[in-house]
There are 2 protein chains.
Amino acid sequence: MSSPAPPDAVIRAWARLERAHRAAQSTVEARLRKAGLPPLAWYDALLELERADPAGLRPFELQKEMLFAQYNLSRLIDRLEAAGYVARSASEEDGRGQRLTITKSGRAIRRRMWPVYADAIAAAVGSRLSESEATTLGDLLSRLYVRA
Amino acid sequence: MSSPAPPDAVIRAWARLERAHRAAQSTVEARLRKAGLPPLAWYDALLELERADPAGLRPFELQKEMLFAQYNLSRLIDRLEAAGYVARSASEEDGRGQRLTITKSGRAIRRRMWPVYADAIAAAVGSRLSESEATTLGDLLSRLYVRA
DNA sequence: TCCATATAAATGCAAATGCATCAATATGGA
DNA sequence: TCCATATTGATGCATTTGCATTTATATGGA
């Protein structure tokens, strides 16, 4: 059940995706940490919840949005809740489910993270690509995760 | 010391880099695991060592190649050595250092991983982009980690 | 209605990661 | 030569991740 070997260009793209991600990710995480702020994943989750307001999101929706593993998301929410940034409440449509909403202080911390995060993105990506290159890159990357 | 806000295209590229990487990575890791093979990082390290033969590599060289954190690499090597895939020996040029070489069974496992890995790359990337798109993607990604 | 199966979310336990720090050797002046 | 500083690599400890499984509820037939 083996497909033909992927072309070199494909293998190279994959390998570079790994490296580029590692480099950019570590830049961003390091800057957030140095500023005494929570990690990246917190920002992403909070942003999604803020966008989804006011009804909030079900965990499985957030999970699909973030492409996070279910058990990881479950624990990420634990931490966000413990920090007071997210509120869990029982879902009314589904007895198994919950509904997540961002709290006031969740909004506040997200806002506080943004300048540091934005700077880090600028350093990791903005300073290295033109705007049109960034657009091209984003378009190609999105093809790697939209349903095949 | 805050730069101007990064353009939307840059932010989008960053966000998509995260998601694309998560999607592709989890595809690849899942397939390797399902096949009862070691994780991705083992492959990458073994490949670098195989390419570097016969002198092998110093850990810090491998580290730079893989963009791995020093302590992570140190432990990755522990595991590779424990599995018998890599040999550590004292460096002759530098009393602090080591030299890493791939063993016969390291080569064997890498070879055994390749078909599964290649298939996974094909699924995660190859099936979604043309060859020339993959080239463009790879070129742009490499800009994100070569020394700024 | 009942049951088999699917889906939502949590969790126990093992493994990997991150952070800070350490020990050992190298190096480059004064 | 000596010492301050840098570099190589390992490690203790806390946190996070991954895997497998579990609990609870939903759903769609027979």
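# A guided tour of two protein chains and two DNA strands

Start by selecting DNA strand D and the protein surface around it: helix α4 (70-82) of chain A, together with α3 (59-66) and α4 (70-82) of chain B, each supply at least two residues of that surface. What you have open is a predicted model, so please read each stop on this tour as a description of that prediction.

**Stop 1: around DNA strand D**

Stay with strand D and show the residues near it. Of the 19 residues around this strand, the ones that come nearest are A:Asn72, A:Gly95, B:Arg33, B:Arg96 and B:Gln98. On the DNA side, sugar and phosphate account for 58% of the strand D atoms that come within 4 Å of the protein.

Now colour the surface near strand D by residue type. You will find four nonpolar, six polar and nine charged residues there.

Next, pick out single side chains. Which part of DNA strand D lies 3.5 Å from a polar side-chain atom of A:Tyr71? It is a phosphate oxygen. Then select A:Arg75, where an N or O atom of the side chain is 3.0 Å from a base oxygen of strand D. Move over to chain B and select B:Arg75: an N or O atom in its side chain is 3.2 Å from a base oxygen of strand D.

**Stop 2: around DNA strand C**

Turn to the other strand on this tour and select DNA strand C. There are 19 residues around strand C, and the nearest of them are A:Arg33, A:Arg96, A:Gln98, B:Asn72 and B:Gly95. Among the atoms of strand C within 4 Å of the protein, 61% belong to sugar or phosphate, and the rest belong to bases.

Three side chains are good to show here, each beside a phosphate oxygen of strand C:

- A:Arg88 has a polar side-chain atom 3.2 Å from a phosphate oxygen of strand C.
- B:Asn72 places a polar side-chain atom 2.4 Å from a phosphate oxygen of strand C.
- B:Arg79 has a side-chain N or O atom 3.4 Å from a phosphate oxygen of strand C.

Which elements give two or more residues to the surface near strand C? They are α3 (59-66) and α4 of chain A, together with α4 of chain B. By residue type, the surface near strand C divides into four nonpolar, six polar and nine charged residues.

**Stop 3: how the chains are arranged**

Hide the DNA for a moment and colour chains A and B separately. A rotation of 180°, with 0.0 Å of shift along its axis, superposes chain A on chain B with an RMSD of 0.0 Å. The two copies are thus related as by a two-fold rotation axis. To find your way to this axis from chain A, select A:Leu137: its C-alpha is the nearest one in chain A, at 3.1 Å from the axis.

Through what do the two copies meet? They meet through the same surface, because 100% of the interface residues of chain A are also interface residues in chain B.

**Stop 4: aromatic rings**

Show the aromatic side chains next. Over all chains, the structure holds ten aromatic pairs. One of them is B:Trp42 with B:Tyr85, an edge-to-face pair with 5.9 Å from centre to centre and 75° between the planes. This pair links distant parts of the chain, 43 residues apart: B:Trp42 is in helix α2 (residues 40-52) of chain B, and B:Tyr85 is in the loop between α4 and β1 (86-90) of chain B. Are these two residues buried or exposed? Both B:Trp42 and B:Tyr85 are buried.

Then select A:Trp14, B:Tyr43, B:Trp114 and B:Tyr117 together, as they form one aromatic cluster.

**Stop 5: an arginine in helix α5**

Now select B:Arg110, in helix α5 (residues 104-126) of chain B. B:Arg110 counts as buried because its relative accessible area is 13%, under the 20% cut-off. Leaving aside neighbours within four places in sequence, B:Arg110 is in contact with B:Tyr43, B:Leu46, B:Leu47 and B:Glu50. B:Tyr43 is a member of the aromatic cluster from the previous stop.

**Stop 6: two leucines with positive phi**

Most residues other than glycine have a negative phi. With that in mind, select A:Leu67, in the loop between α3 and α4 of chain A. A:Leu67 has a positive phi of about 60° although it is not a glycine, and it counts as partly exposed at 31% relative accessibility.

Finish with B:Leu67, in the loop between α3 and α4 of chain B. Its phi is also positive, near 60°, and B:Leu67 is partly exposed with a relative accessible area of 30%.

Note on methods
Residues numbered from 1 in each chain as written. Chains lettered and ligands numbered in written order. Predicted model: local features only at pLDDT ≥ 70, side-chain atom pairs only at ≥ 80, totals over all residues. Heavy atoms only, no water. Helix = DSSP H or I, 4+ residues; strand = E, 2+ residues; numbered from the N terminus. Buried < 20%, exposed > 50% of the residue type's maximum accessible area, 1.4 Å probe, protein only. Contact = heavy atoms within 4.5 Å. Least-squares fit on C-alpha atoms with pLDDT ≥ 70 in both. Near = heavy atom within 4 Å. Polar contact = N/O pair within 3.5 Å; in protein donor to acceptor, adjacent residues only side chain to side chain. Nonpolar A, V, L, I, M, F, W, Y, C, P; charged D, E, K, R; others polar. Phe/Tyr/Trp six-rings, centres within 6.5 Å; stacked < 30°, edge-to-face > 60°.
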